[in-house]
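Reader: Hi! I'd like a close look at the strand pairing here, please, starting from one pair and working outwards to whatever surrounds it.

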Amino acid sequence: MRLTRRAALGLLAAPALSRAQGAARLLVVGGGFGGASAARFARTSYPELQVTLVEPQARFVTCPYGNLLLGGFRQIGDITHSYDGLQAAGIRLVQDWAAGIDAAARTVRLRGGGALAYDKLILSPGIALRWGALPGYDEAAAEVFPHAWMGGDGSQIELLRRQLEAMPDGGVVGISIPANPYRCPPGPYERISMVAAYLKRHKPKSKVLALDAKDAFSKQGLFQDGWKALYGGMVEWVPASQDGAVARVDPGEKVFETEFGTRHTLAVGNVIPPQSAARIVTASGLAAKTGWAEVDPLTFASRAAPDIHIVGDANNGAPMPKSAFVANNTAKQAVACAAAALRGQSPPEGVYFNTCYSHVGEAYGISIVGIFRPGPAGFVEVPDSGGVSPRGVLPEQRRLEAAYADAWYASITRDMFGG
Amino acid sequence: MQGMPWPIAVLLVLPLLGGAAVADPAPLAAQGCLGCHGPQGRGTGAGARLAGRDAAELDAILRDYRTDARQGTIMNRIARGYTEAELAAAAAYFAAVR
Ligand SMILES: Cc1cc2nc3c(=O)[nH]c(=O)nc-3n(C[C@H](O)[C@H](O)[C@H](O)COP(=O)(O)OP(=O)(O)OC[C@H]3O[C@@H](n4cnc5c(N)ncnc54)[C@H](O)[C@@H]3O)c2cc1C
């Protein structure tokens, strides 16, 4: 059922009725990895909940596997998902932006007008790009130097792909990588790999220049082994300590300028900018000074508003990574805790799971695994568990992990959207 | 509903389900498995099917991953993060999926 704005307004009139029938209202804001997972899990596990999902986009384009589009191994249709399955499951879809939250009245105001009332709110709106935090990088600059770090309508990842296709052989593709924390710790390095895969095949005299604000990164040894094995000298990664941190970008001149003033002229530039929780979180006073939301590690309830559970990249889940798998998995814990509270029960125990696969080549996969539990002062990784793929020349391991990554993508998107 | 032709009975009952297919959800600790092994552990591509396999066999495999008695590609790293009770509950759930 897709609700028009007017019909959505009608929901406001319904609470007394639905309460009388015993249907508690679970409102989910954001139909991405956390939100779609929460809505579908709630609908299929807790029949007593009336589930409404607010999401402005008609279709969801995943960030995961977007890098494979750059490599030429996927098309945009392969990473675009419809909300039809969620509607068919009995979730009310409101195609709009949440524009404000009144935590005391338990209502969410919609950009298109009107408001929705809730008993429990699950917020999973993802990230915002901090325009201007990297001097020279604003929304206009993103049309020259795409970020391709939010799925949106898919136009950013397609722009970056077109730029790669249009550049001359022998050019330099610059990638600016931010300091921690940011969405998907290994994502920039998978992107380096997939751009290199494209260049090796189509523009072999070109190279990737990765300029990093850090000195170390996720799965570093594995990535660097893979780059050497697959792409030879085509990838240059420059750590912060060797003047890798980009301090300013100049889209007019197509230049990345580093901290110590080195100016790199690029054929294509990809800027992964500094980030914070999405605007609805920061604007509603739900974020700490860090820009991320503090939550209870057992229930994901906001430290600022107990009926609002904040999941996905928007919260400070450290040491858990900001990943799709964490968003999917923790969204279910948040829903289970919200449902338990509505039933007057105590929250279930929490155990959170993550695996981030990365493609170094089309059939060359590596992974990092983490299992986490709530602790007295935040999230705690289970000792002696998880970790990264073994290093060494292990072609069968790499081939299998690439195939497992494909199984992950197929499984997680079915878990979110049904089908 | 006695005497009613069954398609009509079905039509009458369906709306009561609210349009949702409410299946038994996996235990929370086993939800992570669904991220690679498909809906209800029915398998997808290289993500092996877990559904309908013998509970004792699944449990033994998971314990062997945990102690490295069995070598997997990533399962050893995963199994070590869970308690024996959680692994047994996951095995029991997948075994019961038909
Ligand atoms: C290149 C790249 C590769 C990645 N690869 C992987 C990977 O292989 N594995 C992995 O686990 N993770 C990966 N990630 C990380 C993953 O994309 C994120 O961790 C995940 O999307 C977080 O989920 P979320 O629900 O917090 O946000 P999102 O998935 O971004 O969803 C947020 C949704 O909220 C909506 N929204 C925002 N504001 C509002 C509002 N005010 N009102 C209503 N709706 C709103 C948005 O439209 C969006 O649909 C990758 C990321 C990138 C950039």
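Author: Let's start with S15(A) and its partner, strand S16 (residues 255-258) of chain A: the two are joined by four bridges and run antiparallel. Keep in mind throughout that this is a predicted model. For a residue to put your cursor on, try Asp250(A), which sits opposite Val255(A) in S16(A).

Now zoom out a bit. That pair belongs to an open sheet of three strands, ordered S15-S16-S17 in chain A, with antiparallel pairing. Its edges are strand S15 (246-250) and strand S17 (263-265) of chain A, each of which pairs on one side only. From one strand to the next, the twist averages 20°. If you're wondering about side chains, those of a regular strand alternate between the two faces of its sheet.

Before moving on, stop at the loop that leads into this sheet. Asp243(A) is located between S14 and S15 of chain A, and its phi is positive, about 70°, even though the residue is not a glycine.

Following that loop back takes us to S14(A) and another sheet. This one is open too, with four strands in the order S14-S13-S12-S18 (chain A), and the pairing is parallel. Strand S14 (235-238) and strand S18 (268-271) of chain A are the edges, each pairing on one side only. Here the twist averages 15° from one strand to the next. Helix H6 (residues 155-166) of chain A packs on this sheet, where it touches S12 and S18 of chain A, and its direction is at about 155° to that of S18(A).

Let's go through the pairs inside it. Strand S12 (residues 172-177) of chain A runs parallel to strand S13 (residues 207-212) of chain A, and six bridges hold the two together. To find the register, look for Ile175(A), whose bridge partner in S13(A) is Ala210(A). On to S13(A) and S14(A): four bridges, again parallel. In this pair, Val208(A) has Val235(A) in S14(A) as its bridge partner. The link between the two is helix H8 (residues 220-231) of chain A, so to speak the middle of a right-handed β-α-β unit made with S13(A) and S14(A).

What comes after S12(A) deserves a look as well. The loop between S12 and H7 of chain A holds Pro181(A), and the peptide bond from Asn180(A) to Pro181(A) is cis, with omega about -5°. There's another cis bond between Ala318(A) and Pro319(A), with omega about 5°; Pro319(A) is in the loop between S20 and H10 of chain A.

Those two loops are also tied by a salt bridge. Arg183(A) pairs with Asp313(A), and their closest N and O atoms are 2.5 Å apart. The partners come from distant parts of the chain, 130 residues apart: Arg183(A) is in the loop between S12 and helix H7 (187-202) of chain A, while Asp313(A) is in the loop between strand S20 (308-310) and helix H10 (324-342) of chain A. Opposite charges on side chains can pair when the charged atoms come close. Over all chains, the whole structure has 23 salt bridges.

One more strand pair, earlier in the chain: strand S7 (residues 98-102) and strand S8 (residues 107-110) of chain A are antiparallel, with four bridges between them. Asp102(A) has Thr107(A) as its bridge partner in S8(A). Four residues lie between the strands of this hairpin, and Arg106(A) takes a positive phi near 55° there. UniProt's unreviewed entry puts a "domain: FAD/NAD(P)-binding" annotation on residues 25-138 of chain A. That stretch is 21% helix and 34% strand.

Last, the neighbour. Chain B and chain A bury about 2,600 Å² between them, with 59% of it on carbon and sulfur atoms. On the chain B side, Leu28(B), Thr73(B) and Arg77(B) lose the most area to chain A, together 25% of what that side buries. The contact involves 44 residues of chain A and 30 residues of chain B. Two salt bridges are counted between the chains, and Arg77(B) meets Glu401(A) in a salt bridge at 3.6 Å, N to O. As for where you are on chain A, UniProt's unreviewed entry places "domain: Flavocytochrome c sulphide dehydrogenase flavin-binding" at residues 349-417. Over those residues the chain is 33% helix and 41% strand, and the end C-alpha atoms lie 26 Å apart.

How values were computed: Residues numbered from 1 in each chain as written. Chains lettered and ligands numbered in written order. Predicted model: local features only at pLDDT ≥ 70, side-chain atom pairs only at ≥ 80, totals over all residues. Heavy atoms only, no water. UniProt positions renumbered as here; feature names shortened; annotations may be inferred. Pairing = 2+ DSSP bridges. Axes fitted to C-alpha atoms, helices over the stretch in contact; angles between N-to-C directions. Contact = heavy atoms within 4.5 Å. Right-handed = clockwise from strand over helix to strand, strands pointing away. Buried area = accessible area lost by both parts, 1.4 Å probe. Salt bridge = Lys/Arg side-chain N within 4 Å of Asp/Glu carboxyl O.
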